[in-house]
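Let's take a guided walk through a protein model together. Keep the sequence and the 3D view open, and follow along one stop at a time.

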Amino acid sequence: MTEFEALNARISVRSYEKRPVPPEIVAELQAVIDDCNAAAGLHFQLVDLSAAIKPAVKLSPGMFAGEVYTCALLVGPEDEIGGEMVGYFSEKLILRAVALGLGTCWVAGTYDRKSVSPAIGEGEKLWGVVPIGYATARTPVIQRAVRSRIRAKDRNTEDFVESDFPYASLPAWIRAGAEAVKAGPSAVNQQPVNIVYKGGLVTARLWKEKKNQMMYNDLGIAKYQFQVGAENVGVRGFWNFGEDGEFIAE
Ligand SMILES: Cc1cc2nc3c(=O)[nH]c(=O)nc-3n(C[C@H](O)[C@H](O)[C@H](O)COP(=O)(O)O)c2cc1C
């Protein structure tokens, strides 16, 4: 599965088989985490208790079914740019996990914080966790209802772009990027990120007036999604971090 296929296949999985992730796949996830940490000064940690068949994190039973034995702990700088970088690189990790046939979910709140014990350096915090395991073949009614209730609030793709030009006339790669942003995860599916295409520049911003810390995770996630969407139609590029950070097409 390509990264773009993974982007389209990804959903938040809230029902897991009681099946450990094999060691060779855990090693691949660890390699992605090592790359992210080296690239951005993050402190992501992979907990793998597959050998002991012991849950790697206690997920809230009202939201989740099953158990996971592998889990990424998203530790990074506690400021807003740190939150954005955590979001950006978490999405890279999530898409790799999906491409490897695994199910994941970004979880900032609905887990037992006491069930994990990450190493946290000065100026860092635990932004969230990503359980990694195998999705059950059938999603139980409760978990299906949770997802469809929150995704029902989806915005239209056109609303994700702010520009002086009509959406239909925008370059195909910007529309592809916006579609990818829409498909991505965001905290309680608030979809708080817009792509701004003005004066020939592409930036991304939080359009909601009331901001919270998790929206900076959403901003980074949206930037990664945009990049993968644009690349799929032939425009490679990279982002500068920060709300005014530009997307630089190569
Ligand atoms: C920063 C962030 C925090 C999230 N926290 C939780 C959480 O605590 N519990 C949960 O079940 N889902 C959580 N999610 C998943 C979102 O609810 C989900 O991404 C959104 O509803 C869109 O659905 P989808 O991911 O299935 O496309 C979180 C997502 C993000 C990006």
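**A walk through the fold**

Among contacts in the protein chain between residues at least 6 apart in sequence, 72% join residues at least 24 apart. Keep that in mind as you turn the view, and remember that this is a predicted model.

Let's begin with the overall picture. The protein chain contains six helices and nine strands. Its radius of gyration is 18 Å, close to the 18 Å that the globule rule gives for 250 residues, so the chain is as compact as a globular protein of that length. Along the principal axes, the C-alpha atoms fill a box of roughly 55 × 40 × 35 Å. Of the 250 residues, 44% count as buried.

Now look for the two parts of the chain. The domain assignment gives domain 1 (3-142) and domain 2 (153-249). Their C-alpha centres lie 23 Å apart. Where the two domains touch, 19 residues of domain 1 are in contact with 20 residues of domain 2. On the domain 1 side, the elements that give two or more residues are helix 1 (3-9) and helix 3 (80-99). Helix 3 supplies the largest share of that side, with eleven residues. By class, the residues on this side of domain 1 divide into nine nonpolar, five polar and five charged.

Next, find the ligand. Where does the ligand lie relative to domain 1 and domain 2? Both domains give residues to the shell around the ligand, so it lies between them. In total, 23 residues surround the ligand, and the closest are Ser 12, Ala 108, Gly 109, Pro 185 and Asn 189. The elements that give two or more residues to this shell are helix 4 (141-151) and helix 6 (214-232). Helix 6 gives the most, with four residues. Sorted by class, the shell has twelve nonpolar, seven polar and four charged residues.

Helix 6 deserves a stop of its own. This helix has 19 residues and reaches 27 Å from its first C-alpha to its last, close to the 27 Å expected at 1.5 Å a residue. Is helix 6 enclosed by the rest of the structure or open to the outside, and what tells us? The clue is that 17 of its 19 residues are buried, so helix 6 is largely enclosed by the rest of the structure. Just after helix 6 comes Gly 234, whose phi is positive, near 100 degrees.

A positive phi is a good thing to look for elsewhere, too. As background, most residues other than glycine have a negative phi. Asn 189, one of the residues closest to the ligand, has a positive phi near 50 degrees although it is a residue other than glycine. You will find Asn 189 in the loop between helix 5 (172-183) and strand 6 (193-198). There, Asn 189 has 18 other C-beta atoms within 10 Å, so it is partly exposed. Ile 53 is not a glycine either, and its phi is positive, about 45 degrees. Ile 53 sits in the loop between strand 1 and strand 2. With 11 other C-beta atoms within 10 Å, Ile 53 is exposed.

Stay in that loop for a moment and move along to Ser 60. Ser 60 is placed between strand 1 (45-48) and strand 2 (70-77). Because Ser 60 has 12 C-beta neighbours inside 10 Å, it counts as exposed. Which residues is Ser 60 in contact with, leaving aside its neighbours within four places in sequence? The answer is Thr 110 and Tyr 111. Ser 60 also lies 9.0 Å from Gly 109, C-alpha to C-alpha, with their positions 49 residues apart in sequence. Gly 109 is another of the residues closest to the ligand.

Our last stop is Asp 112, in the loop between strand 3 (103-104) and strand 4 (124-133). Asp 112 has 12 C-beta neighbours inside 10 Å, so it counts as exposed. How far apart in space are Asp 112 and Lys 58, which are 54 residues apart in sequence? Their C-alpha atoms are 5.4 Å apart. Try selecting this pair in the 3D view, then trace the chain from Lys 58 to Asp 112.

Methods
Residues are numbered from 1 along each chain as its sequence is written. This is a predicted model: local features need pLDDT of at least 70, side-chain atom pairs count only at pLDDT 80 or more; totals for chains, interfaces and linings use all residues. A residue is near a molecule or strand if its C-beta atom, placed from the backbone, lies within 6 Å of it. Ala, Val, Leu, Ile, Met, Phe, Trp, Tyr, Cys and Pro count as nonpolar, Asp, Glu, Lys and Arg as charged, and the others, Gly among them, as polar. Domain bounds come from an automatic or database domain assignment. The radius of gyration is taken over C-alpha atoms; the globule rule is 2.2 Å times the number of residues to the power 0.38. A residue is buried if 20 or more other C-beta atoms lie within 10 Å of its own, exposed if 12 or fewer, and partly exposed in between; C-beta atoms are placed from the backbone. Two residues are in contact if their C-beta atoms, placed from the backbone, lie within 7 Å. The expected span of a helix is 1.5 Å times one less than its number of residues.
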